[in-house]
Amino acid sequence: DPNGHYVTLVPQITAIAGAKTSSVLGGQRFTVTGRGFAPADGLFITLGAGRARVVSASYTEAVVETLPLGHELANVSFALSMHGAAATCDAAVCGGFYFNLSTTPAV
């Protein structure tokens with residue numbers, strides 16, 4: 001606005017669908033629902049010390065995929081930010097993610 005006032009939309013996560021366990025090699029996809037997720041190039045997603053890739057995003061839904069981590073992590077939290085604004089999320093929804101060796105396929 002001409003007076004220098006800005007409005008920041010804070011993203012909100014209401015649900016995460018899909019397994020909350022990923023191989024340490026990544027590749028686990030899940031769907032995040034809520035609001036304030038578009039455009040996809042503004043989303044930054046972490047799972048504890050790990051990252052996740054945005055596969056697709058709309059204003060109300062984002063499909064994300066875990067990236068390789070290389071080591072196990074237990075009970076980490078999912079975090080999402082949109083252009084630096086951190087999403088609000090209940091701990092029961094955004095907590096409890098695991099990166100396990102046991103879910104990594106052996107060849």
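**View 1. Pro39 sits in the loop between strand 3 and strand 4.** In this predicted model, the peptide bond that joins Ala38 and Pro39 is cis, with omega at about 0°. The flanking elements are strand 3, residues 29-35, and strand 4, residues 43-47. Strand 3 and strand 4 each give two or more residues to the largest nonpolar core, so we will meet both of them again in the view of that core.

**View 2. His83 lies in the loop between strand 8 and strand 9.** Strand 9 covers residues 85-86. The phi angle of His83 is near 50°, a positive value in a residue other than glycine. Is His83 buried or exposed? Its relative accessibility is 60%, and the cut-off for exposed is over 50%, so His83 counts as exposed.

**View 3. Ser81 is a buried residue of strand 8.** Here the relative accessibility is 15%, and because buried means under 20%, Ser81 falls in that class. Which residues does Ser81 touch, once its neighbours within four places in sequence are left aside? The contacts are Gly42, Leu43, Phe44, Ala86 and Ala87. Leu43 and Phe44 fall within the range of strand 4 (43-47), while Ala86 falls within that of strand 9 (85-86).

**View 4. Phe30 and Phe78 form an edge-to-face aromatic pair.** A search of the whole structure finds 3 aromatic pairs, and this view shows one of them. A pair of aromatic rings is described by the distance of the centres and the angle of the planes. For Phe30 and Phe78, the centres are 5.7 Å apart and the planes stand at 75° to each other. The pair links distant parts of the chain, with Phe30 in strand 3 and Phe78 in strand 8, 48 residues apart. Phe30 has a relative accessible area of 2%, so it is buried. Phe78 also counts as buried, because its relative accessibility is 4%. Together with Phe97, these two residues form one aromatic cluster.

**View 5. The largest nonpolar core holds 21 residues.** Which of its members touch the most others? They are Ile13, Val32 and Phe78. Two or more residues come from each of strand 1 (12-17), strand 3, strand 4, strand 6 (61-66), strand 8 (78-82) and strand 10. Take a moment with Ile13: leaving aside its neighbours within four places in sequence, its contacts include Val32 and Phe78, the other two residues just named. Ile13 is also in contact with Thr33, Gly34, Phe37, Leu80, Ala87, Thr88, Cys89, Val93 and Cys94.

**View 6. The structure holds 1 cavity of 30 Å³ or more.** Rolling a probe the size of a water molecule over the atoms shows where empty space is left. The volume of this cavity is about 40 Å³. Its lining is made up of Ala19, Lys20, Thr21, Ser22, Gln28, Phe30, Leu47, Thr66, Phe97, Tyr98 and Phe99. Two elements give two or more residues to that lining: strand 2 (21-23) and strand 10 (97-100). Which element gives the largest share? Strand 10 does, with 3 residues. By character, the lining residues divide into 6 nonpolar, 4 polar and 1 charged. Phe30 and Phe97, both of the aromatic cluster, are among the lining residues.

**View 7. Ala74 belongs to strand 7, residues 73-76.** With a relative accessible area of 55%, over the 50% cut-off, Ala74 is exposed. Apart from its neighbours within four places in sequence, Ala74 is in contact with Phe97 and Tyr98, two of the residues that line the largest cavity. Ala74 and Gly27 are 47 residues apart in sequence, and their C-alpha atoms lie 17 Å apart in space.

**View 8. The protein chain, seen as a whole, contains 1 helix and 10 strands.** From the N terminus on, the elements run β-β-β-β-β-β-β-β-β-α-β. The C-alpha trace spans about 60 × 25 × 20 Å along its principal axes. Of the 107 residues, 36% count as buried. Among contacts between residues at least 6 apart in sequence, 65% join residues at least 24 apart.

Technical notes: Residues numbered from 1 in each chain as written. Predicted model: local features only at pLDDT ≥ 70, side-chain atom pairs only at ≥ 80, totals over all residues. Heavy atoms only, no water. 1 Å grid on protein atoms, 1.4 Å probe; cavity = no way out; pocket = protein on both sides within 12 Å on 5 of 7 lines; lining within 4 Å. Points joined across faces, edges and corners; volume = space filled by probe spheres on them. Helix = DSSP H or I, 4+ residues; strand = E, 2+ residues; numbered from the N terminus. Nonpolar A, V, L, I, M, F, W, Y, C, P; charged D, E, K, R; others polar. Core = buried A, V, L, I, M, F, W, Y, C linked by side-chain atoms within 4.5 Å. Buried < 20%, exposed > 50% of the residue type's maximum accessible area, 1.4 Å probe, protein only. Contact = heavy atoms within 4.5 Å. Phe/Tyr/Trp six-rings, centres within 6.5 Å; stacked < 30°, edge-to-face > 60°.
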